[in-house]
Amino acid sequence: MNSAPRDERLPRYQLLRDDLAARINRNEWRPGEPIPSEAELGAHYGVAIGTVRKAIDQLVADAVLERQQGRGTFVRRARFNSSLFRFFRFQSESGERRVPKSRIIRRKSVPATSAVASALRIPVGEPVISLSRLRLIDDVPLLAEEIWLQQSRFAKILEIDTAEFGDLLYPLYEERCGEVVVSAEEILTVETANEMQARLLRLEAHAPLIVIERLALDLERRPIEWRRSRGPADRFRYHAEIR
């Protein structure tokens, strides 16, 4: 997939931020490696140090880079356990945070429907990988998930034994496909369970479900994964901290 065209109306620091993000996304600098100094970047791009600093500040705020006192600025290693559950999390009745077990139910290559194509910003009919997954805590199913990935970027996912997937997919994407999830957008809605969803989640037919629709993005803010997770509404709690 090609990168989105640059919008030259943006401030120079924003254009520089996007260019640095694209270079990190292409693995010019790997996680844990330093990027050039502000002076070197300023000379390379022909901009003031202040512009470079502002661009780097944005990437630090986005958790893409981190400054280390006296050493420089480094590409940050992904911290999946904290970032994955930034928006919603699993916890026991006592409030203990848990990472649920995962079970892949189905994996196949299919043509992108209009909805999938729109979410992933690809042409309708382009091959995508469709995954169905069940998330469980103490063998109790909590979420039934449908996941779509652009096949041209994630072809290796079709070759891996599903027993090797593990409980978290984002580390797998990075290790096997070189694709890093940096941020996500989520939408919550409510619907009722159809027959298959009720069977997977051990619910009565037409039981109310919370639907969490997540679009995961890479460093260049391109869609990298689209998923719909459905769980019993009576086990869902909304919590927000407002400052």
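A residue is counted as buried when its relative accessible area is under 20%, and by this criterion buried residues make up 43% of the 243 residues in the protein chain of this predicted model. The accessible surface of the chain comes to about 13,900 Å², and carbon and sulfur atoms contribute 48% of that area. Secondary structure assignment yields 8 helices and 10 strands. Among the contacts with a sequence separation of 6 or more, 58% are accounted for by residues that lie 24 or more positions apart.

The confidence of the prediction averages a pLDDT of 87 over the protein chain, with 87% of the residues scoring at least 70. Confidence is lowest in helix H4, which comprises residues 80-83 and has a mean of 51, whereas the highest value, 97, belongs to helix H5, spanning residues 114-120.

Helix H1, which covers residues 12-25, has an extent that agrees with expectation: at 1.5 Å a residue, its 14 residues should span 20 Å, and the C-alpha atoms at its ends are indeed placed 20 Å apart. The helix is mostly covered, since 10 of its 14 residues are buried. The buried set consists of Gln14, Leu15, Leu16, Arg17, Leu20, Ala21, Ala22, Arg23, Ile24 and Asn25, and these residues of H1 pack against helices H2 and H3 as well as against strands E1 and E2, the latter formed by residues 72-75. Just after H1, a positive phi of about 65° is found at Asn27.

Helix H2, formed by residues 38-45, contains the buried residues Glu38, Leu41 and Gly42. Viewed down the axis of H2, these buried residues fall within an arc of 100°, and they therefore line one face of the helix. The face turned away from this buried side carries Ala43 and His44, both of which are exposed. On the buried side, the residues of H2 pack against helix H1, against helix H3 (residues 49-61) and against strand E1 (residues 65-68). The residue that follows H2, Gly46, has a positive phi, near 70°.

Taken together, the packing assignments link the two helices to shared partners: H3 and E1 are listed for the buried residues of H1 and also for those of H2, while strand E2 is listed among the elements against which the buried residues of H1 pack.

Notes. Residues are numbered from 1 along each chain as its sequence is written. This is a predicted model: local features need pLDDT of at least 70, side-chain atom pairs count only at pLDDT 80 or more; totals for chains, interfaces and linings use all residues. Side-chain values use heavy atoms; hydrogens and water are left out. pLDDT is the predictor's confidence in each residue, from 0 to 100. Helices (H or I, at least four residues) and strands (E, at least two) are DSSP runs, numbered from the N terminus. Buried means under 20% relative accessible area, exposed over 50%, partly exposed in between (1.4 Å probe, protein chains only). The arc is that of the directions from the helix axis to the C-beta atoms. Contact means heavy atoms within 4.5 Å. Accessible areas come from the Shrake-Rupley method with a 1.4 Å probe; for residues, only the protein chains shown count as cover. The expected span of a helix is 1.5 Å times one less than its number of residues.
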